[in-house]
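Dear colleague,

I am passing on the structure below, together with some notes that I hope will help you find your way around it. Please keep it open while you read.

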Amino acid sequence: MTRQTSPGRRGRKYDQVLEGARRIFLKDGFDKANVDDIAREAGVSKATLYSYFPDKRLLFIEIARSECHRHADQAKDFVLPDLPAEELLTAIARRTVHDLSHPLVVSMYRLATSESNRFPDLAQAFYEAGPQLTLGKLSTYLAEATERGELQVHDPDLAADQFLALCKSSLMLKLQFGMIDALPAAEGERIADEAVKTFLCRYGVTTKESP
C-alpha cells in the first residue's frame, strides 16, 4: 500500500493522531473504533484527521506498521538470559501468550486476514516483525540448548514452530472469532505453563537415576 501522507506534512498533530488512534484501537479494536472518538482522543478536528488519513483502514495500517517495527526492535534486542531450560521456556511462553492476546495484535490479525487481497503488505509486515523473528530467536536457542545437553532437539525450526503452536492452543481462533473479548491473566499463564510441560515431554532431557 502506498502511504497517503507525505513526510513534509508530519508534525505534532500527526503524532497526536497516531497516539490517539493507537489508544482507541487498543481499547475498542478496529471494528468498534469510531473516528469521532479517535479525533477527540487525539485532540484534533475530524477535518485534520481526514487530511492525514481519509480512511480508517489507512490509519489502522499506519498504527499496525509502527507496532510491527516496535515488536521487531524488541525481538532484536531481546537477549535470552542464562536460565534453566524450563524457566526460560516458561518465560517465553507467557510472553508469547500475552502478545498473542493483546487487543491490537488481535485486530491486526483480523484485518490482515480479512483484507489480505487489498493489503497484502500488512500481512507480510505482521509476519516478519512478529512470528518470523520469534521463530528465528527460538530456533537458535533450542539448537544451542541441545548442544549444551539441556534439550534434545533434532530439528530446531520444527520444534520452534511446534512450541508456538502449543502456546496458541485455541486462543487465537477464539479471539479472532470474537468468542472471547480478552484472556484472563491466570488462564494465559495456565496455557503457557502447560505448553512448556508438553514441549519438554518431547524434547526434555531425562536424567537416569543411579541404582
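**The span 34-53**

In residues 34-53, the end C-alpha atoms lie 14 Å apart, and the span is 75% helix and 0% strand. Please keep in mind that this is a predicted model. An unreviewed UniProt entry lists residues 34-53 as "DNA-binding region".

**Two residues of helix α5**

Helix α5 covers residues 85-100, and T90 lies in it; L89 has its place in helix α5 as well. L89 counts as buried because its relative accessibility is 0%, and T90, at 17% relative accessibility, also counts as buried, since buried means under 20%. Leaving aside neighbours within four places in sequence, L89 is in contact with L138, Y141, L142, F163, V196, F199 and L200. One of these partners, L142, is 53 residues away from L89 along the chain, and the C-alpha atoms of the two are separated by 9.8 Å. For T90, not counting residues up to four places away in sequence, the residues touched are D193 and V196.

**Helices α8 and α10**

Helix α8 (residues 156-168) packs with helix α10 (residues 185-203) at an angle of about 150 degrees, and their axes are 8 Å apart. The crossing of these two helices, α8 and α10, is right-handed. On the α8 side the contact is made by A159, Q162, F163, L166 and C167, while α10 contributes I191, A195, V196, T198, F199 and Y203. Of the residues in this contact of α8 with α10, nine are nonpolar, two are polar and none is charged.

With best wishes

Definitions and conventions:
Residues are numbered from 1 along each chain as its sequence is written. This is a predicted model: local features need pLDDT of at least 70, side-chain atom pairs count only at pLDDT 80 or more; totals for chains, interfaces and linings use all residues. Side-chain values use heavy atoms; hydrogens and water are left out. Helices (H or I, at least four residues) and strands (E, at least two) are DSSP runs, numbered from the N terminus. Buried means under 20% relative accessible area, exposed over 50%, partly exposed in between (1.4 Å probe, protein chains only). Contact means heavy atoms within 4.5 Å. UniProt positions are given in the numbering used here, feature names are shortened, and annotations may be inferred rather than shown by experiment. Axes are lines fitted to C-alpha atoms, for helices over the stretch in contact, and angles run from 0 to 180 degrees between N-to-C directions. A crossing is left-handed if the near helix is turned anticlockwise from the far one by less than a right angle, and right-handed if clockwise. Ala, Val, Leu, Ile, Met, Phe, Trp, Tyr, Cys and Pro count as nonpolar, Asp, Glu, Lys and Arg as charged, and the others, Gly among them, as polar.
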